[in-house]
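Student: I'd like to learn how to read the helix packing in a model like this one. Can we go through it together?

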Amino acid sequence: MRVTIYRNTDLVAETIEKNNGEGTKRVTVNDEEVTKKIVEGVTVNGEGVTVNQKAILDEIEKNARITAQQLAEILHISLRKTKKNIAKLKLKGLIQRIGPDKSGHWKIIKQNNNY
């Protein structure tokens, strides 16, 4: 996936190009808040942790028994994306699931405010 963001200072419009293999789709967004969320979703900071992944870590820190469904609702992203982000955090060695899915809890392995 490729995301290219162009800023038109007169209209504060963003054009996003997403190449999905079948061609390029263009979407124009005139809302700065939506644009901010789109940019945050692809922004990577620190040790390669995205904004959504950092938010997941923050929520797990608040509630170790939080479910993927609850995380998806809090972050306003799909359950599928939430599960993918959790899997990436596990691969990076930042979190671990202790116990079974229903009665287990999360453990943050690397406690680093910068993630």
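Tutor: Sure, let's start with H3: Ala68, Leu71, Ala72 and Leu75 are buried there. Buried means under 20% relative accessible area, with a 1.4 Å probe and protein chains only. Helices are DSSP runs of H or I with at least four residues, strands are runs of E with at least two, and both are numbered from the N terminus.

Student: How are the buried residues of H3 arranged, seen down its axis?

Tutor: The general idea first: an α-helix has 3.6 residues a turn, so residues three or four places apart point the same way. In H3 the buried residues fall within an arc of 100 degrees, so they line one face of the helix. The arc is taken from the directions from the helix axis to the C-beta atoms.

Student: Before we go on, what am I looking at?

Tutor: This is a predicted model, where local features need pLDDT of at least 70 and side-chain atom pairs count only at pLDDT 80 or more, while totals for chains, interfaces and linings use all residues. Residues are numbered from 1 along each chain as its sequence is written, and side-chain values use heavy atoms, leaving out hydrogens and water.

Student: Which helices do the buried residues of H3 pack against?

Tutor: They pack against H2 and H4. Contact here means heavy atoms within 4.5 Å.

Student: And at what angle do H2 and H4 pack?

Tutor: Axes are lines fitted to C-alpha atoms, for helices over the stretch in contact, and angles run from 0 to 180 degrees between N-to-C directions. H2 and H4 pack at about 80 degrees, with their axes 10 Å apart. That makes H2 roughly perpendicular to H4, a label for angles of 65 to 115 degrees. On the H2 side, the contact is made by Asn52, Gln53, Ile56 and Leu57, and on the H4 side by Thr82, Asn85, Ile86, Lys88 and Leu89.

Student: What about the largest nonpolar core?

Tutor: A nonpolar core is a set of buried Ala, Val, Leu, Ile, Met, Phe, Trp, Tyr and Cys residues joined through side-chain atoms within 4.5 Å. The largest one has 16 residues, and Ile56 and Trp106 are among those with the most contacts inside it. H2, H3, H4 and strand E7 (105-108) each supply at least two of its residues, and the largest share, 4 residues, comes from H2.

Student: Is Glu59 of H2 buried or exposed?

Tutor: Glu59 counts as buried, because its relative accessibility is 14%. Leaving aside neighbours within four places in sequence, Glu59 is in contact with Ile66, Leu71 and Ile74.

Note on methods: Buried means under 20% relative accessible area, exposed over 50%, partly exposed in between (1.4 Å probe, protein chains only). Angles under 35 degrees count as roughly parallel, over 145 as roughly antiparallel, 65 to 115 as roughly perpendicular and the rest as oblique.
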